[in-house]
Amino acid sequence: MTAVSARFSDTRLTAPRTVGIVGIVLGCLAFWAALPPLAARTEALPIVVGILAIAAGIWSWSRDERRVGGGAIAAGFLGIVLGVVAMQSSVTNLDQVVVWSALGAATLRYATPLTYAAIGGLYCERAGVINVALEGMLLTGAYFGIFGAIESHSWAGKWAWVIGILVAAAAGMAMATVHAIWAIHFKVDQIISGTAINFLALGITGYLFINRYGDTGTPGNVPDYGIPDVHLSFMQDWYFIGPIFGQLNLMIWLSFVLLVGTYIFVFRTPYGLRLRSVGEHPRAADTVGISVYKIRYIAVIASGAIAAMGGAYLSLGFVHSFNENMTAGTGFIGLAALVFGKWRPFPTYAAALLFGFSSALADRLPIAYGNEWGTLFQALPYLLTLVAVAGVIGRSIGPAAAGRPYVKQ
């Protein structure tokens, strides 16, 4: 309680943290002012507002608030650059691309598989096992999710998607078990083990897909028994909110539950404390009677199930088909979101939303500007990852024992 009160005790408008947050907001406004519905046409506006954001960031940084200060500096620079670039476009083209309700809905759709992958990785890495195999677990879930739904459709009917999700989770757990045995029992380098799992998943799903469906691909009626959307008819006519939340896939709503549940479990329960203790100081945890091996096995296997559910969403709830290597790096971006969010659920979700927004924007840019701009914005998540790793917005330091095999004495 004392730590919390100390953290929020300085609420003055001139407090370094407050000034840094204002700088971040100003940086966002520098870009937003150039977009619809404002669509300002003077380049001086984003430049002036961006400079104010940078000044606020420098002031905050100089007073040891480096996280928010660095964020304000980065936001100011981005606001200036993106604002000036937006000024070069016609208002007509901007109106075609920047439809906020459509961008908001697409952002949630693209952020959802990232969220499942990242939260799966959170459980694993909080227990001290690095999981670069999230890509393979996501891809495994994508194939076995749609496979389970197709094969059970004849007797499960419209509920085949439930079987698909369960099969996907089981397949993800099997893949994660392999990673757990290699990393925990045989003490193989966890990066190498995870990379091997990714290649293994790519080979297995590719072979099974060609062997089962061949050149014809998955059936075209998958949407009939895919993961359903949740329709909130009372919300359909609400301005801005209705088009975004009025019709969302069930897995998107479940991702919100997953976030809250993960926060409560990891940071507010004794079991979560044990999980974190194993990832921070396994020797001390073992000394007080906590089974390090047991908790790490459970955490790794659970991460596979959660990540695979994100893959099932991709094939059963989003694309409604499966193609070889359809995840195309989504698991790696989810891992980047986890690092960006400093291994905490809600900051991780904020990073997933940011990455999802870049993908949503990349989808709409070709409408007015051509495919090259969409391709450019697809690279934005990786650029943001470099920013995070470089420590511009505070250093991302994972659990102390992550990547270190534990030897019981």
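Tyr-143 is buried in this predicted model, at 3% relative accessibility, where buried denotes under 20% relative accessible area, exposed over 50% and partly exposed the range in between, as obtained with a 1.4 Å probe on protein chains only. The model being predicted, local features require pLDDT of at least 70 and side-chain atom pairs count only at pLDDT 80 or more, whereas totals for chains, interfaces and linings use all residues. Residues are numbered from 1 along each chain as its sequence is written, and side-chain values rest on heavy atoms, with hydrogens and water left out.

A pair of aromatic rings is described by the distance of the centres and the angle of the planes. Rings of Phe, Tyr and Trp (the six-membered ring of the latter) are taken to pair if their centres lie within 6.5 Å, and the planes are classed as stacked when under 30 degrees apart, as edge-to-face when over 60 and as tilted for the rest. By this rule the count comes to 18 aromatic pairs. Among them, Tyr-143 and Phe-144 are edge-to-face, with 5.1 Å from centre to centre and 85° between the planes. Phe-256 and Tyr-349 form another edge-to-face pair, at 6.2 Å centre to centre and 85° between the planes. This pair links distant parts of the chain, 93 residues apart, with Phe-256 in helix α11 (residues 250-268) and Tyr-349 in helix α16; helices (H or I, at least four residues) and strands (E, at least two) are DSSP runs numbered from the N terminus. Tyr-349 is buried, with a relative accessible area of 13%. One aromatic cluster is formed by Tyr-143, Phe-144, Phe-147, Phe-209, Tyr-213 and Phe-322. In addition, Arg-344 lies over the face of Phe-267, at 4.3 Å from the ring centre, the criterion being that NZ of Lys or CZ of Arg is within 6 Å of the ring centre and within 35 degrees of the ring normal.

The second largest pocket has a volume of about 370 Å³. A pocket is here an open set of points on a 1 Å grid over the protein atoms alone, where a 1.4 Å probe fits and protein is present on both sides within 12 Å along at least five of seven lines, and lining residues have an atom within 4 Å of a point. The volume is the space filled by probe spheres set on the points, which are joined across faces, edges and corners. Of the 18 residues that line this pocket, Tyr-110, Thr-327, Ala-328, Thr-330 and Ser-359 are the closest to its centre. Two or more lining residues are contributed by each of α6 (100-126), α14 (292-318), α15 (330-340), α16 (345-369) and α18 (380-389). By class, the lining comprises twelve nonpolar, six polar and no charged residues, with Ala, Val, Leu, Ile, Met, Phe, Trp, Tyr, Cys and Pro counted as nonpolar, Asp, Glu, Lys and Arg as charged, and the others, Gly among them, as polar.

Thr-327 is placed in the loop between α14 and α15 and is buried, with a relative accessible area of 1%. Contacts (heavy atoms within 4.5 Å) of Thr-327, not counting residues up to four places away in sequence, are made with Glu-135, Leu-138, Leu-139 and Leu-314. Phe-318, in helix α14, is partly exposed at 25% relative accessibility, and, with the same sequence exclusion, touches Arg-109, Tyr-110 and Tyr-313.
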